[in-house]
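Work through the two exercises below with the sequence and the model at hand. Each task is followed by a solution in steps.

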Amino acid sequence: MTPGALSGGDVAALSYGLASLCFLLLSMLLLGNWRARRNARALAGACLLTALWAAGTVALELWAHPLSWYGALLEVLRSGAWLVFVLLLLEPAGLRLNACLLAIAALAAAQLLAGALAAPLASAALLAVLFSRLFLAVLGMLLVEQWYRNTPAPQRWGIKFACLGIGALFVYDFYLYSDALLFRAVSPEIWTARGIVNALAAPLIALSAARNPAWKLGLALSRQMMFRSAALLGSAIYLLAMASSAYYLRYFGGAWGPVMQVAYLGGAGLLLAGVLFSGALRSKLKVFISKHFYTASFDYREEWLRFTRALSGDGPGLGERTIQAVAQLVESPAGALWIRREQDRCEPAASWNMPAQTAVESASSAFCRHLETKQWVIDVPEWLARPNGMPMPDWVLALPQLWLVVPLMLHGRLFGFVALAHPRTPMSLDWEVLDVLKIAGSQAAGYLAHRESADSLLVARQFESFNRMSTFIVHDLKNLVFQLSLLLSNAEKHRANPDFQRDMLGTLDYSVNKMTLLLHKLSRGQSQDVAAPLQLDQLLAQAVSARAGSEPAPVLEVAQGGLTVLANWGRLERVLGHIIQNAIEATAKDGRVLVRLLRERDSAVVELCDNGLGMSEQFIRERLFKPFESTKAAGMGIGVFESREYIREVGGQLEVSSEPAQGTTFRVILPLHGEGATPA
């Protein structure tokens with residue numbers, strides 16, 4: 001078959017068009033690194049000339065002769081560019097020089113032959129062209145072989161795919177032109193498939209370019225773009241397969257064919273939606289892409305922007321957002337947060353997709369000291385297998401889904417820690433992952449500490465405002481009491497109507513007493529805070545009897561009398577009375593309010609139980625003890641807060657347990673005083 005009789009010109013044009021598109025895309029990626037070393041520039045130039053050669057071949061296939069003088073010139077430029085690129089990588093220098101001289105001679109001979117073919121090709125001229133191109137192919141294979149052979153073994157990992165890709169270009173040229181010399185004509189099938197083979201070589205060259213820093217790709221794809229592209233490509237392939245299968249069902253299904261096709265496509269669509277919305281599969285795809293397409297485990301810019309946005313944004317509480325931000329770094333689906341607070345204890349602050357935690361860890365425990373001194377991220381399963389001399393706390397053992405404990409360090413001090421559940425897909429904890437978790441923990445600690453300081457400052461400002469208001473009220477009340485007292489004294493001197501004066505005196509006396517009591521509560525004189533030993537059963541009896549007319553009436557049970565504590569009678573009675581009053585208000589009239597006094601070791605315990613409305617764990621954790629937060633229309637929201645602060649002031653503790661619609665139990669634990677502190 002003669003060259004002019006090549007059939008399937010359109011197919012050949014498509015084949016070489018694909019090659020032109022692949023190498024043009026690769027050259028554009030490499031041009032982003034144009035200012036790098038000469039190897040990168042040579043590779044980009046070779047890819048660009050290959051794209052130009054393939055595009056020129058498409059034009060010659062459609063409008064001219066593929067073996068014309070223009071085609072010969074394009075062949076010389078394309079082959080010469082790859083020869084120059086390989087020559088730049090050859091070692092040692094002597095081998096490079098000899099190969100360079102040989103390549104120059106071959107290119108000069110090929111150029112002379114191409115210039116001599118301006119006239120229509122004769123048989124002898126065709127053989128000369130084929131021989132020159134065959135010579136270039138052989139020279140290219142030899143140079144690629146020398147390049148791979150003279151590259152040290154540890155470095156061959158980075159060039160082996162480039163050797164395969166570039167070698168495939170020259171090997172196929174050798175196959176094409178040796179076949180043409182043998183049969184004195186170019187095979188249309190081999191010629192047409194040449195473009196596809198060249199296109200297949202482009203990904204191999206791109207892979208080696210990504211592995212070599214000297215001639216790596218200048219344009220990088222983000223993990224997010226790679227993940228979306230992979231998901232889109234997978235979805236497209238899946239939909240094409242499902243559409244083909246549905247067509248088969250419709251074609252061979254007979255009368256039921258259309259129904260089966262629609263049902264099949266509907267089920268396939270639901271399956272695809274389930275897969276796309278599956279967190280576990282998304283996690284596995286992200287880990288696969290990071291492991292096999294990127295040298296670093298994280299896209300640090302994207303991760304840090306996401307982490308910062310999560311901590312500084314709106315939505316759930318800062319504690320929950322902190323858990324989510326840290327957990328997303330390792331694809332964990334759940335976690336809990338502990339923060340170091342009063343009495344030097346790490347208390348549960350928030351949880352995400354995990355039951356609310358109640359365990360409190362002392363900052364002086366071996367677990368917290370280990371986190372603070374070592375600043376290690378603890379792999380719980382590995383630590384349980386090899387304890388290293390430090391036993392895990394009981395709450396860790398009670399959470400079988402626990403995977404990691406990430407310390408939150410602030411200025412070299414443990415501020416808290418985040419406990420994370422096992423990830424959706426297995427993930428190796430190398431040094432990079434552990435370092436990222438530690439840095440993220442430090443940044444999260446800064447945000448949490450800022451929020452804690454802001455809340456404390458807000459409370460202090462509210463108290464300052466409250467105290468300023470109290471000062472003004474006290475001043476006004478003093479004036480009012482003085483005026484009323486003067487009126488009372490004058491009324492006693494001018495008693496004209498005994499009945500009227502008697503009623504007036506009673507009213508004035510009541511007003512004076514009431515405002516004096518209000519003045520006493522607002523002034524909070526220091527003399528009233530003097531602590532003294534008191535009988536707790538007598539104080540409870542007084543507090544309960546004062547509310548005997550309420551509905552429901554509180555009931556007092558004294559399991560052990562004579563318990564003595566050291567406190568101020570008035571303030572402690574006000575604290576316990578406030579809790580009792582809250583229980584009465586939260587309970588229906590036919591409900592029950594029980595006040596029980598008992599002893600536990602060296603402590604007196606007052607349990608105040610009701611079966612009223614109850615409270616949620618979130619309300620207890622976030623609002624119950626927060627000052628100026630009240631659910632009552634006329635409440636100031638400082639009663640429970642003041643109660644807890646005074647109980648702590650006398651060395652006690654206030655515990656709360658409650659369930660919505662089931663009731664609430666307050667436990668006031670006070671240390672015994674004097675001889676009562678010794679166990680019986």
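**Exercise 1: a surface patch**

L18, I196 and L200 make up a nonpolar surface patch with about 280 Å² of accessible area together. The model is predicted, so local features need pLDDT of at least 70 and side-chain atom pairs pLDDT 80 or more, while totals for chains, interfaces and linings use all residues. Residues are numbered from 1 along each chain as its sequence is written, and side-chain values use heavy atoms, without hydrogens and water.

Task: place I196 in its helix and state whether I196 is buried, partly exposed or exposed.

Solution.
1. I196 lies in helix α7, residues 188-211 (a DSSP run of H or I, at least four residues; strands are runs of E, at least two).
2. The relative accessible area of I196 is 41%, which makes I196 partly exposed (buried is under 20%, exposed over 50%, partly exposed in between, with a 1.4 Å probe and protein chains only).

**Exercise 2: an open sheet**

Task: give the strand order of the open sheet of 5 strands and trace the pairing of β10.

Solution.
1. The order is β8-β10-β11-β13-β12, with mixed pairing (two strands pair if DSSP finds at least two bridges between them).
2. β8 (555-558) and β12 (653-659) are at the edges; each has a single partner strand, so one side of each lacks a neighbour in the sheet.
3. β10 (residues 593-600) pairs with β8 in the parallel sense over 4 bridges; L556 has V595 as its bridge partner, and V558 stands opposite L597.
4. β10 pairs with β11 (residues 603-610) in the antiparallel sense over 8 bridges, where L597 stands opposite V606.
5. A hairpin with 2 residues between the strands joins β10 and β11, and R601 in the turn has a positive phi of about 55°.

How values were computed
Patch = residues over 30% accessible without salt bridge, like charges linked within 9 Å, V, L, I, M, F, W, Y side chains within 5 Å. Areas by Shrake-Rupley, 256 points an atom, 1.4 Å probe, with all protein chains shown as cover. Salt bridge = Lys/Arg side-chain N within 4 Å of Asp/Glu carboxyl O.
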